[in-house]
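Here is a short report on one protein chain. Look at the fold as a whole, then follow a few residues through it.

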Amino acid sequence: MGIIAWIIIGLLAGLIAKALVPGKDPGGIIITMLIGIAGGLLGGWLGKVIFGVDSIDGFFELSTWIAAIVGSIILLVLYRVITGNRRRA
């Protein structure tokens with residue numbers, strides 16, 4: 001897959017992750033997009049390392065989308081933990 005496809009998957013995975021994880025986000029739509037793109041890459045890497053599968057088969061493959069969404073959720077939760085502590089102080 002090309003970089004444009006990863007950006008599109010990341011943008012959509014970030015939006016899906018934001019919808020699945022309840023609560024207020026400290027960042028706006030730009031942060032969500034960046035988290036989604038990075039989460040897609042993280043999810044693909046984790047799928048390969050932990051499960052030994054090639055989770056980045058193609059744009060329309062279910063495994064690609066699941067990996068991107070799971071990676072985005074992980075990064076979104078980490079981002080909320082890190083920035084949530086800063087806002088309270």
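## Overall fold

The chain has three helices and zero strands. Read from the N terminus, the order of elements is α-α-α. The model is predicted.

Of the 89 residues in the chain, 35% are buried. The exposed surface comes to about 5500 Å². Carbon and sulfur atoms supply 74% of that surface. Among contacts with a separation of 6 or more, 70% join residues 24 or more positions apart.

## The nonpolar core

Which residues make up the largest nonpolar core? There are six: Trp6, Ile9, Ala13, Trp65, Ala68 and Ile69. Helix 1 and helix 3 each supply at least two residues of this core.

Ala13 and Ala68 also turn up around Ser72. Ala13 is one of the residues in contact with Ser72, and Ala68 offers its backbone oxygen to the Ser72 side chain.

## The nonpolar surface patch

A nonpolar patch of about 710 Å² lies on the surface. Its members are Ile4, Ile7, Ile8, Leu12, Leu15, Ile29, Ile30 and Leu34. Helix 1 (3-20) and helix 2 (29-51) each give at least two residues to the patch. Helix 1 gives the most, with five.

Take Leu12 as an example. Leu12 sits in helix 1. Its relative accessible area is 37%, so Leu12 counts as partly exposed. Patch residues need over 30% relative accessible area, and Leu12 clears that cut-off with its 37%.

## Ser72: a polar residue in a buried place

Ser72 belongs to helix 3, which covers residues 62-88. Is Ser72 buried or exposed? Ser72 is buried, because its relative accessibility is 1% and buried means under 20%.

Where does its side chain reach? It reaches the backbone oxygen of Ala68 at 2.8 Å. Beyond its neighbours within four places in sequence, Ser72 is in contact with Ala13, Gly14, Ala17, Ile35, Gly36, Gly39 and Gly40.

## Thr32: a link to Lys18

Thr32 lies in helix 2. With a relative accessible area of 5%, Thr32 is buried. The Thr32 side chain makes a polar contact with the side chain of Lys18, at 3.3 Å.

Leaving out neighbours within four places in sequence, Thr32 is in contact with Gly14, Leu15 and Lys18. Gly14 is also among the contacts of Ser72. Leu15 is also a member of the nonpolar patch.

## Gly47 and Ile73

Gly47 is in helix 2. Its relative accessibility is 9%, so Gly47 counts as buried. Gly47 and Ile66 are 19 residues apart along the chain. Their C-alpha atoms are separated by 9.7 Å.

Ile73 is in helix 3. Ile73 is partly exposed, with a relative accessible area of 25%. That value keeps Ile73 out of the buried class, because buried means under 20%. How far apart in space are Ile73 and Ala13, C-alpha to C-alpha? The distance is 8.6 Å, although 60 residues separate Ile73 and Ala13 in sequence.

Not counting residues up to four places away in sequence, Ile73 touches Ala17, Leu20 and Val21. Ala17 is also in contact with Ser72.

Conventions:
Residues are numbered from 1 along each chain as its sequence is written. This is a predicted model: local features need pLDDT of at least 70, side-chain atom pairs count only at pLDDT 80 or more; totals for chains, interfaces and linings use all residues. Side-chain values use heavy atoms; hydrogens and water are left out. Patches are made of residues with over 30% relative accessible area and no salt bridge: like charges are joined within 9 Å, nonpolar side chains (Val, Leu, Ile, Met, Phe, Trp, Tyr) within 5 Å. Accessible areas come from the Shrake-Rupley method with a 1.4 Å probe; for residues, only the protein chains shown count as cover. A salt bridge is a side-chain nitrogen of Lys or Arg within 4 Å of a carboxyl oxygen of Asp or Glu. Helices (H or I, at least four residues) and strands (E, at least two) are DSSP runs, numbered from the N terminus. Buried means under 20% relative accessible area, exposed over 50%, partly exposed in between (1.4 Å probe, protein chains only). A polar contact is a pair of N or O atoms within 3.5 Å; within protein, one must be able to donate a hydrogen and the other to accept it, and residues adjacent in sequence count only if both atoms are side-chain atoms. Contact means heavy atoms within 4.5 Å. A nonpolar core is a set of buried Ala, Val, Leu, Ile, Met, Phe, Trp, Tyr and Cys residues joined through side-chain atoms within 4.5 Å.
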